[in-house]
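User: Hi! I'd like a close look at a single part of this protein, with enough of its surroundings to place it.

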Amino acid sequence: MTHTEIIQEHLEKNGYITSFEAFERYGITRLSAIVYKLRNKGLNIDNIPLTTTNRYGKKVSFVKYTLNEG
């Protein structure tokens, strides 16, 4: 399977993914590029910006990609 196919399958099964999850589960480091390809294929994927505190007490921002069916 290609990285694009892996991420598409993950989104269809789970509904969302973050870059950390993509790296941790699949070793994929350029999730935004894959999401771009999937959007060009017609998938309706939204960005949800999130902020959290890392282990050093600093605020960090990241995106949660969600698949909208319909």
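Is Ile34 buried or exposed, and what is its relative accessibility?

Analyst: Happy to take a look with you. Keep in mind that this is a predicted model, and every value below is computed from it.

Ile34 counts as buried, because its relative accessibility is 7% and the cut-off for buried is under 20%. Ile34 sits in helix α3, a helix that covers residues 31-40.

Ile34 has buried company in that helix: Leu31, Val35 and Leu38 are buried in α3 as well. Looking down the axis of α3, you will find the buried residues within an arc of 100 degrees, so they line one face of the helix. The general geometry helps here: an α-helix has 3.6 residues a turn, so residues three or four places apart point the same way. The face turned away from the buried side of α3 carries Tyr36 and Asn40, and both of these residues are exposed. If you colour α3 by accessibility, then, the buried residues line one face, while the exposed Tyr36 and Asn40 sit on the face turned away from it.

Next, consider what lies across from this part of α3. From Ile34 to Gln8 the C-alpha distance is 8.9 Å, although the two are 26 residues apart in sequence. Its neighbour in the list of buried residues, Val35, has a comparable link to an earlier part of the chain: Val35 and Thr4 are separated by 31 residues in sequence and by 8.0 Å in space, C-alpha to C-alpha. Thr4 belongs to helix α1, and it is buried because its relative accessible area is 14%, against a cut-off of under 20%.

Helix α1 also has a side to show to the surface. Glu5 is found in this helix, which spans residues 3-14, and Glu5 is partly exposed, with a relative accessible area of 39%. Together with Glu9, Glu12 and Glu69, Glu5 gathers in a patch of negative charge on the surface.

Helix α2, residues 19-26, holds a charged pair of its own, with Arg25 and Glu21 lying 4 residues apart, about one turn of the helix. Arg25 forms a salt bridge with Glu21, and their closest N and O atoms are 3.4 Å apart. The count for the model comes to 1 salt bridge. Glu21 counts as buried, because its relative accessibility is 14%.

For a contrast with Ile34, try Lys58, in the loop between β2 (45-53) and β3 (59-67). Lys58 is exposed, with a relative accessible area of 54%. Lys58 and Phe23 are 35 residues apart in sequence, and their C-alpha atoms are 21 Å apart in space.

Finally, here is the whole frame around Ile34. The protein has 3 helices and 3 strands, which follow the pattern α-β-α-α-β-β along the sequence. The C-alpha trace spans about 40 × 25 × 20 Å along its principal axes. Of the 70 residues, 29% count as buried, and Ile34 is one that counts as buried.

Key: Residues are numbered from 1 along each chain as its sequence is written. This is a predicted model: local features need pLDDT of at least 70, side-chain atom pairs count only at pLDDT 80 or more; totals for chains, interfaces and linings use all residues. Side-chain values use heavy atoms; hydrogens and water are left out. Patches are made of residues with over 30% relative accessible area and no salt bridge: like charges are joined within 9 Å, nonpolar side chains (Val, Leu, Ile, Met, Phe, Trp, Tyr) within 5 Å. Accessible areas come from the Shrake-Rupley method with a 1.4 Å probe; for residues, only the protein chains shown count as cover. A salt bridge is a side-chain nitrogen of Lys or Arg within 4 Å of a carboxyl oxygen of Asp or Glu. Lys and Arg count as positive and Asp and Glu as negative; His and the chain ends are not counted. The place of a charge is taken as NZ of Lys, CZ of Arg, CG of Asp or CD of Glu. Helices (H or I, at least four residues) and strands (E, at least two) are DSSP runs, numbered from the N terminus. Buried means under 20% relative accessible area, exposed over 50%, partly exposed in between (1.4 Å probe, protein chains only). The arc is that of the directions from the helix axis to the C-beta atoms.
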